[in-house]
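Here is a short tour of one structure, written for someone who likes to check torsions and distances along the way. Please keep the viewer open as you read.

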Amino acid sequence: MWYAAGAVLTSVAPGNYMKIFTRCSLATLSLLLVSLGAAAAPEDGRKPVLSAPPPIGEMNGSATEELSPAGYVQEEFFLQGVAQSYVNRGTWSADGVWDVAPAESAPYTIRLFVRYPAKTARFNGVVFVEWLNVSGGSEAAVNWTMMHDELLRQGYAYVGVGAQAVGVAGLKRANAQRYASLVHPGDSFSYDIFSQAGRVVRATDGPLRALAGKMRHLLADGQSQSAGRMVTYVNAVHPVAKVYDGFYIHSRSGGGAALAQDAAGKPTVSTPAAARIRTDLTVPVFVIQTETEIPNFVNARQPDTPKLRIWELAGTSHAERYQLTGGGVRPLVQNCDDDKDPKMSVLLSEGPSTFPLRAALRHMRRWLGGGVLPPSGPPLATDGPTIRRDLVTGIALGGVRTPQVDVPTRTLNGIRAPAGGPGFCRLFGRTDVWNGDADPWDGGPGDPSPTPEPVLSRLYSSKADYTSKFERAITAGIKAGFLVKEDAAELRAEGARLWPVPSSAARTDRP
């Protein structure tokens, strides 16, 4: 056996869960910890063990603002075990049929956190297991942020898994005492750590023990760099691990993440630059792409199959305003202003990817249960790596579409080229409000709109005409399966916000 199997629960989570969601006393919790710990000695050193973090400070990445009103419980755990690394067997090609062999093993201690309905009757049987994103130097639950409305209203359980070394280092920087015992041997071991986390979650004495009898499916998820990890996991590790019942891959590039890295994190077993999802799958895989990824993804495109769906979302970017405000629950603290050249300070993307992401997850739940296949989404129109665009609006042609791109008042573009702005702004896309070319970037290299900009009175005879067309687009999106009816009111409110068009001074992306 190449991996550690089994799990033993040694405690429940402290701190946040007690303070926010329960009224149990510290004495009661202490008795419970002692009782569970005494019965939880691992059978051997290969089996992972769950424990509670020390009650020092707050859990990093808490989401109490969303959870408490929804009646959800949040707990944090440490997972300790011995993980297996892998090396490739044979030559890997673009078809994704990748074989692996066992390599060395090493001990680890990472953290995971769980969120689930306090009333078990609300649990829908699906556990959404997110490979936490570490691009920012710590652990970020990006797809929780993007889809928490759907996860909460549909009764999912959620698990965030800190599978990578950078995330552990980030936690230690954030709270050195609370996370002092975390140890990560390197990302070559991340894939087996993710497998072990899934087995622990599924166990009847695991972190979701209250839901164990109702647990039907484990859905693995990753966004951006974690999506690259998911590609490699699906193609190389899942065939031998067989832990997860489906995969939700959001914003992958053209290839997959390296299977193995050296001590400095440099790849020692890379993947092909263009990598498709293997077609001999026995579990469903849903891939959702924004415009930003398309130039690097075009060579990895492949047809849908009974076990694969790929949606490419028009007018969306790798990161956007909704994500940067924590799903609309926090003030915006990021913009893409360019101090060296104000003409490059184009608004960051307002592309509404959360709505089709929620719809895709709704389809995924049915798909896991053997229900109707999700609809196939048309690809974005491309000429090689370049996305083709409407000559009047500058909005992408083809793809899965929302009312914001079919009944527009601004140009939404997922490609920030030239980049403009610092740091991760290259991933934030561009928005240009149609205000008569009154912005400093209008007509320049950063302008995503055609020049001159569209005139709204030529597109819509009145606000009522615009509102009517926006409503019809909502209805069409729901009927096509790319939106869900529960989001109709939110979409209407968004349509109202987009009219009338603000002046150039009303920067919607300024903190």
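The report below covers helices, a strand pair, a disulfide and one residue in a helix.

## The model

Please bear in mind that this is a predicted model.

## Two enclosed helices

Let's begin with helix α4, which runs over residues 142–153. Of its 12 residues, 10 are buried, so the rest of the structure largely encloses α4. Among those buried are Trp144, His148 and Glu150, along with Met146 and Met147. Just after α4 comes Gly155, whose phi is positive, at about 75 degrees.

Helix α6 (residues 190–202) can be treated in a similar way. Here 12 of the 13 residues are buried, so α6 too is largely enclosed by the rest of the structure. The buried set includes Asp192 and Arg199 as well as Ile193, Phe194 and Val200. There is also a quick geometry check to enjoy: at 1.5 Å a residue, the 13 residues of α6 should span 18 Å, and the end C-alpha atoms are 19 Å apart, which agrees.

## A strand pair

Which way do the side chains of strand β15 (residues 410–413) point? Arg410 and Leu412 point one way, while Thr411 and Asn413 point the other way. This fits a general pattern: in a regular strand, side chains alternate between the two faces of the sheet. All four of these β15 residues are buried.

The partner of β15 is strand β16 (residues 430–433), and the two pair in the antiparallel sense over four bridges. If you would like a place to look, Asn413 stands opposite Arg430 in β16.

## The disulfide

How many disulfides does a search of the whole structure find? The search finds one. Cys336 and Cys425 form it, with sulfur atoms 2.2 Å apart. The torsion about their S-S bond is about -105 degrees, so the disulfide is left-handed.

Cys336 lies in the loop between α9 (321–324) and α10 (354–368), and Cys425 in the loop between β15 and β16, so the pair ties together parts that are 89 residues apart in sequence. Are these two cysteines buried or exposed? Both Cys336 and Cys425 are buried.

## A residue in helix α3

Our last stop is Ser68, found in helix α3 (residues 64–70). Ser68 has a relative accessible area of 40%, so it counts as partly exposed. Ser68 and Ala118 are 50 residues apart in sequence, and their C-alpha atoms lie 10.0 Å apart in space.

Definitions and conventions
Residues are numbered from 1 along each chain as its sequence is written. This is a predicted model: local features need pLDDT of at least 70, side-chain atom pairs count only at pLDDT 80 or more; totals for chains, interfaces and linings use all residues. Side-chain values use heavy atoms; hydrogens and water are left out. Buried means under 20% relative accessible area, exposed over 50%, partly exposed in between (1.4 Å probe, protein chains only). Two strands pair if DSSP finds at least two bridges between them. A disulfide is a pair of cysteine sulfur atoms within 2.5 Å. The expected span of a helix is 1.5 Å times one less than its number of residues.
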